[in-house]
Amino acid sequence: MRTLSHAEFLALRRFDALDGLRAVAAVIVIFFHCGGAKTAFLSGWIGVHIFFVVSGFLITTLMLREKDRTGRISLRGFYLRRIFRIVPLYYLVLAATAVGVYRSGYSWSVLRNHLPHFLGFMGEYHLAGDTPYLHAWTIGIEQKFYLVWPLALVLASAVSRKLRVPLAVAAIVLALVPWSPTWKSMGIHYSVLLTGALLAVVLHHRRGYALFRPLTHPLVGVAVLAAFLVLHLHLSEMTKYFGGELTVIFLYGLGVAALLPSLFGPGPGRWALSLRPLVFVGERSYALYLVQALAVGVVAVLAPWLPGGTPLFATAVTLVSLFAADGLYRWVEQPMIGNGRRLIKWLDGRFPTSRPAVPAQSAAEPTPDRRAPVAAGWRRSG
């Protein structure tokens with residue numbers, strides 16, 4: 001048994017264990033929304049912050065490896081990939097939710113009043129009440145992160161790559177400053193996304209990776225996973241101790257960031273989270289997350305005898321959500337991603353932006369020409 005070298009980390013073409021981690025996060029979120037008191041021990045309310053750390057890590061890793069491979073980060077390509085990955089499915093599910101709510105008459109006036117916020121990815125500013133599609137507030141958070149962070153990273157890298165870590169640290173600090181009552185509750189989520197980004201910046205460079213390399217040893221990885229599970233199962237007590245969720249969310253983000261390196265090297269954690277069923281769910285986790293409210297309505301209509309707010313009801317909602325998510329993944333998400341790639345390829349041919357590739361690693365540590373790592377919108381970014 002040994003640790004994972006920096007060269008081996010850079011050579012990873014897929015992070016399958018992170019797909020499995022996203023699958024777990026998506027399922028516990030659904031159980032938090034639908035499972036009632038008996039599933040409270042899962043602490044599904046914090047599951048979205050697993051997504052945030054993973055997303056911040058992976059999109060930053062994608063950009064840094066592009067920089068090494070081509071000598072630059074294409075903001076045009078990045079933004080087009082995000083648009084084609086996130087926007088079509090988001091609006092399609094929003095439209096289906098609006099139609100379903102309108103036909104049922106349930107909370108239509110509430111959704112109609114907040115529809116402009118959802119259309120503008122601003123749902124996080126209206127988290128109170130029983131608003132259909134309310135869970136999409138997390139997508140608004142990520143969209144704004146995707147808009148600003150890549151630009152900041154490009155500007156810092158243009159000056160010196162040594163500015164990347166200070167940039168990420170400064171961004172986390174600024175996100176945590178309570179500039180206003182609204183920002184006080186919103187900034188914590190950006191800090192968690194930036195924690196994932198900071199991890200990516202540190203791991204990308206050999207000296208930074210050396211700090212985390214011991215976590216990739218199988219035995220150490222088991223200990224890290226066990227510690228993370230203890231942390232996750234004691235969130236309720238921590239919330240009471242700190243007098244609120246904000247500090248707990250930040251500490252949890254640090255815990256997820258510490259967990260990720262342990263899932264890159266060989267070990268039980270990577271093996272378990274890379275099992276094909278979990279990867280299957282993780283690949284569809286974006287659609288799974290979006291359709292959960294629609295699935296609640298479907299289960300309520302098709303199985304009215306199932307009591308709401310129970311583990312059985314949450315299981316039914318999860319299965320219906322997964323069935324719908326699989327179809328959306330095959331017929332909407334993947335085709336739109338393909339369209340985005342073709343558009344980027346056409347634009348690069350018509351309006352080239354790339355400069356000749358520059359060597360960024362020694363011969364002993366080659367950077368592979370890899371397709372996008374698994375990413376945000378909770379699937380591969382490509």
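Buried residues account for 52% of the 382 residues in the protein, as seen in this predicted model. The accessible surface comes to about 17,200 Å², and carbon and sulfur atoms hold 69% of that area. The overall dimensions can be described in two ways. Along its principal axes, the C-alpha trace spans about 65 × 50 × 45 Å. The radius of gyration is 21 Å, which agrees with the value near 21 Å that a compact globule of 382 residues would have.

The protein contains 17 helices and two strands. Its contacts also reach across the sequence: of those with a separation of 6 or more, 76% join residues 24 or more positions apart.

Two residues help to show what such contacts look like from the point of view of a single side chain. His135 sits in the loop between α5 and α6. Its relative accessibility is 8%, so His135 counts as buried, the limit being under 20%. With residues up to four places away in sequence set aside, His135 touches His33, Tyr289, Leu290, Gln292 and Ala293. Val332, in turn, belongs to helix α17, which covers residues 311–350. At 18% relative accessibility, Val332 also falls under the 20% limit and therefore counts as buried. Apart from neighbours within four places in sequence, the contacts of Val332 are Leu89, Leu92 and Gly327. Leu233 offers another reference point for Val332: these two residues are 99 residues apart in sequence, and their C-alpha atoms are 36 Å apart in space.

Aromatic rings deserve a closer look. A pair of aromatic rings is described by the distance of the centres and the angle of the planes. The count for this protein comes to 20 aromatic pairs. One of them joins Tyr102 and Trp108, with 5.2 Å from centre to centre and 80° between the planes, an edge-to-face arrangement. The two partners differ in how much of each is accessible: Tyr102 counts as exposed at 55% relative accessibility, whereas Trp108 counts as partly exposed at 22%. Phe118 and Tyr133 form another pair, with ring centres 5.7 Å apart; their planes stand at 85°, over the 60 degrees required, so this pair is edge-to-face as well. Phe118 lies in helix α5 (residues 108–119) and Tyr133 in the loop between α5 and α6 (137–159), so the pair ties together parts that are 15 residues apart in sequence. Both Phe118 and Tyr133 are buried. Aromatic residues also gather in a bigger group than a pair, since Phe9, Phe15, Phe57, Tyr209 and Phe264 form one aromatic cluster.

Finally, attention turns to the surface. Which residues make up a nonpolar surface patch of about 210 Å²? The patch is made by Val165, Val169 and Val173. Val169 lies in helix α7, which runs over residues 164–176. With a relative accessible area of 38%, Val169 is partly exposed, because this value lies between the 20% and 50% limits. The same value is over the 30% that a residue needs in order to join a patch, so Val169 meets that requirement.

Technical notes. Residues are numbered from 1 along each chain as its sequence is written. This is a predicted model: local features need pLDDT of at least 70, side-chain atom pairs count only at pLDDT 80 or more; totals for chains, interfaces and linings use all residues. Side-chain values use heavy atoms; hydrogens and water are left out. Patches are made of residues with over 30% relative accessible area and no salt bridge: like charges are joined within 9 Å, nonpolar side chains (Val, Leu, Ile, Met, Phe, Trp, Tyr) within 5 Å. Accessible areas come from the Shrake-Rupley method with a 1.4 Å probe; for residues, only the protein chains shown count as cover. A salt bridge is a side-chain nitrogen of Lys or Arg within 4 Å of a carboxyl oxygen of Asp or Glu. Helices (H or I, at least four residues) and strands (E, at least two) are DSSP runs, numbered from the N terminus. Buried means under 20% relative accessible area, exposed over 50%, partly exposed in between (1.4 Å probe, protein chains only). The radius of gyration is taken over C-alpha atoms; the globule rule is 2.2 Å times the number of residues to the power 0.38. Contact means heavy atoms within 4.5 Å. Rings of Phe, Tyr and Trp (its six-membered ring) pair if their centres lie within 6.5 Å; planes under 30 degrees apart count as stacked, over 60 as edge-to-face and the rest as tilted.
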